[in-house]
Amino acid sequence: MTFKSKLGGALLAAVMSTTALQGAFAADDTIKIGVLHSLSGTMAISETTLKDVMLMLVAEQNKKGGVLGKKLEAVVVDPASDWPLFAEKARQLISKDKVAAVFGCWTSSSRKSVLPVFEELNSILFYPVQYEGEESSRNIFYTGAAPNQQAIPAVDYLAKEEGVKRWVLAGTDYVYPQTTNKILKAYLMSKGVAESDIMINYTPFGHSDWQTIVSDIKKFGSAGKKTAVVSTINGDANVPFYKELGNQGIKAEDIPVVAFSVGEEELAGLDTKPLVGHLAAWNYFQSVDADVNAEFIKEWKAFTKNDKRVTNDPMEAAYIGFNAWVKAVEAAGTTNTDAVLDSIIGVSVPNLSGGTSTVMPNHHITKPVLIGEIQADGQFDIVQETAPVVGDEWSDYLPDSKNLISDWRKPMSCGNFNVASGKCGGKGS
Amino acid sequence: MMIKFFLRVFFLCVVSALALPSYAQSGAGADPRSLIDALSKADFGEAEKLIGQLAATGDARLVPALNAFSEGDLYFRKSDNLVFIGKSAGSNYELIDPVTGASAGQAAKNAVTKIKINNSLRRVIRSAMGGLTLLSPDRGVRLQAADAVLRSPSAENLELLETAISKETDGEVKARMVEARAVSLLSSDRSVDEKRAAIQTIKNYGGRNAIGILMGASASLDPSLKADVDAAIASIESGQRLWDIGQNVWYGVSLGSVLLLAAIGLAITFGVMGIINMAHGEMVMLGAYSTFVVQQVIRDSAPGLFDWSLAIALPVAFLVTGAVGFVIERGVIRFLYGRPLETLLATWGVSLILQQTIRSIFGPTNQEVGNPSWMSGSFPVGGMTITWNRMWIIAFSLSIFVALLVVMKKSSFGLNMRAVTQNRRMASSMGIKTPWVDAFTFALGSGIAGIAGVALSQIDNVSPNLGQSYIIDSFMVVVFGGVGNLWGTLVGALSLGVLNKFLEPSVGAVLGKILVLVLIILFIQKRPRGLFALKGRAVEA
């Protein structure tokens, strides 16, 4: 036992000294960036892919000569789907590894957990996933969709193209679906939809028995008005949900389902033949017909050495965030947080749908909204593409936030400016 | 309009398919080929009009083209904007003429563009195809056509339906057509009396769909019919109420059977042996992954056997997870008998190791496990819908239960097992090799968890996290049913399932689950040993 512990101690010391040495060497000729995605636990299913994308982007950038003449080095940590651990790992990345910026998080809970750390230590986080809005931090860039870049255009499409009059808002019981559904309900009612024509339904995480809910949806849909389901069902619960829809014979022509959390990766675990015609709204689909996208898919398949790997929307958001950061660092000539925060606003980089995305003063970006129908091969057929939309951090449809705007340019530098009272401050941070 | 319809019907019935082209050209005034070619430049709105015109030609030869369009198999050649049905053939498409069905050679995939389709177009096509195939000589096609017209009713199909009904000889098809006619009639300009009769017809068919149809039509109907519609809806709903209760019981039994499947392996390892086995969920997960691997092999080497894949996966999963269970017992658990806390921690560690191993081998994403054809879809029983996969899972979990009961009560291994768990020292004195009985009992429990995984792969995600979502439920069922009693596990699983499903519609899934947990806590306070407590000296040991 004593021998073992001595050995362990020696090993530990050896490991620590090598990392310390590496750190000392690295300081001069590399720039470190942090990758904060869960590689184990429940969220690993989604987040591991983003870690791989970041490694690919770093490798590509280094091939092009790095940034400011220095090589990039990705520091990967595993917060293990544990929200408090996200904050610890973020602190470790910023204080100990001295990273210039962090790319990471998936769930809103993990973002809320690290937000105070980034503000306290004044570092930068790029957050690549669609979220519920109602937040704007000086130190966070939201490259995923805000509700107005995903949910509202999707509902508009259904109302206009499919003539939907009756709505089921089904979601998993946590902050993103709750807030999105609140916004959607307010939006639909402002468009003249009666409250009795909206059914809101929440299920626990990982819900696997959908029989009752699917038959409730069927019942709600047999009121003589065209009905659609707006799904904010998260992650693993989707597969059993779609299987039950298929088995109970709900066809997309009768009751279409539009989902905000189902992309190519989620469909990879599913036989999509019974689901053809159900919809998803994103800012990117793998099936986008653009040269830059074809190039990206090729690189991704080569990098993962797997011809079957698919690309999805959060990957595009990571791509945009990374390139915007590189461009901002090169414009500022330094990786200093304050300088980059100033130079990044207004930066435009190509997105994967063939256009460009610009970082706005509210730390959100512009991007087009695509509506796609599920195909038998697990891909999406794009049926509508909008002009680029600016992410709206404070929803105009919620009474609490409709007067708030965010603008991080000087001299305003405020994440929650109240246009009614003319003061900075109000709900949220 | 009327004349055109009668003409169309007349020709469809009397003139053979060969004579149709001449009619199509003279009658509708538009050449179907040029209509189809116009699809290459049409947006969704224009395409809808074109489909309407295609349907109006009454040309049954267009059915394959429309079908291909709704399946997304219609392409236009970029060089000349001509439209073809495309079938994938290697890196090329095999082009087929949409009207004549003749082959038109091959084209490279980038030389053609797919014609876009969306849900509203699919609906229009469904209705158009229904109209075109109502008089088909094939019974199955006619039934489908009647269904299609029923789901997308339009007044324009009315005359056609009436002709079809008068010609129809098959009872089931005719009944469907009569229903479709009644539904179509509601949106037509027929007399109030005819509509009243149609409402009665729809009422007699009943079901959820009938309510939807009546509610949808009520707004546009003559005010004098409102009372009839309301009465019909009320009558259908009162008939439906009983079926709804039946449906809830069915859902409950089905959820219960899933709980039973997940818990039955644990009923042995925890219930009989008393091991707090946190790695139980991972055994289920390994079973599901075995199914995945078996299906991959079948897909690659013998696709014809796919419908048998689950039957082949069962013994594979049982052996794989049984072996893993055996190794865990010999390698970890046997050193920890009598130390429940250490067992809990050690098996929890084992579960993390197994999860991460699977994640490293297969990746963190879901794997696709296909449903064999006999497990897809549903069938109606009165006012209920029963899905095949749930029905098979109920049958499957009950048969596993019976098989396990037989092994426990009738086999010599079962006798040894019970002897060891009831009085280890006495059993050992009688010459039973208790360590081996322990190892094989644990392997049996693990193997059964594995075959549960085969069944669960049909309704849930096959991902490394699969087991975690079942471990709590499994313990809940075993503790609630009474530790050490298989019958307790059965009754516990079924009653929890039914309770859950009766709470869910009224309080929602989230609160329903919480309420069930609260009820179990209260129940355990009252009866700490569960529903079926073991009695006698074995309990005290």
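In which sense, parallel or antiparallel, do strand 6 and strand 7 of chain A pair, and over how many bridges? In this predicted model, strand 6 of chain A, which spans residues 166–172, pairs with strand 7 of chain A in the parallel sense, and six bridges join the two. Within this pairing, Ala170(A) has Asn201(A) of strand 7 as its bridge partner. Strands of a sheet pair in general through backbone hydrogen bonds, in either a parallel or an antiparallel manner.

The two strands belong to an open sheet of seven strands in chain A, whose order is 7-6-8-9-10-14-15 and whose pairing is mixed. The edges of the sheet are formed by strand 7 (198–203) and strand 15 (380–385) of chain A, each of which pairs on one side only. From one strand to the next, the twist averages 25 degrees. Across strand 6, strand 7 and strand 8 (227–232) of chain A lies helix 6 of the same chain, comprising residues 175–190, and this helix runs at about 165 degrees to strand 6 of chain A.

Chain A is also in contact with chain B, through 47 residues of chain A and 51 residues of chain B. Several elements of chain B each supply at least two residues of the side that touches chain A, among them helix 6 (119–133), helix 12 (226–272), strand 7 (384–387) and helix 22 (509–526) of chain B. The element of chain B that gives the most to this side is helix 11, with eight residues. Classified by residue type, the side of chain B that touches chain A consists of 13 nonpolar, 26 polar and twelve charged residues.

Terms used
Residues are numbered from 1 along each chain as its sequence is written. Chains are lettered from A and ligands numbered from 1 in the order in which they are written. This is a predicted model: local features need pLDDT of at least 70, side-chain atom pairs count only at pLDDT 80 or more; totals for chains, interfaces and linings use all residues. Two strands pair if DSSP finds at least two bridges between them. Helices (H or I, at least four residues) and strands (E, at least two) are DSSP runs, numbered from the N terminus. Axes are lines fitted to C-alpha atoms, for helices over the stretch in contact, and angles run from 0 to 180 degrees between N-to-C directions. Two residues are in contact if their C-beta atoms, placed from the backbone, lie within 7 Å. Ala, Val, Leu, Ile, Met, Phe, Trp, Tyr, Cys and Pro count as nonpolar, Asp, Glu, Lys and Arg as charged, and the others, Gly among them, as polar.
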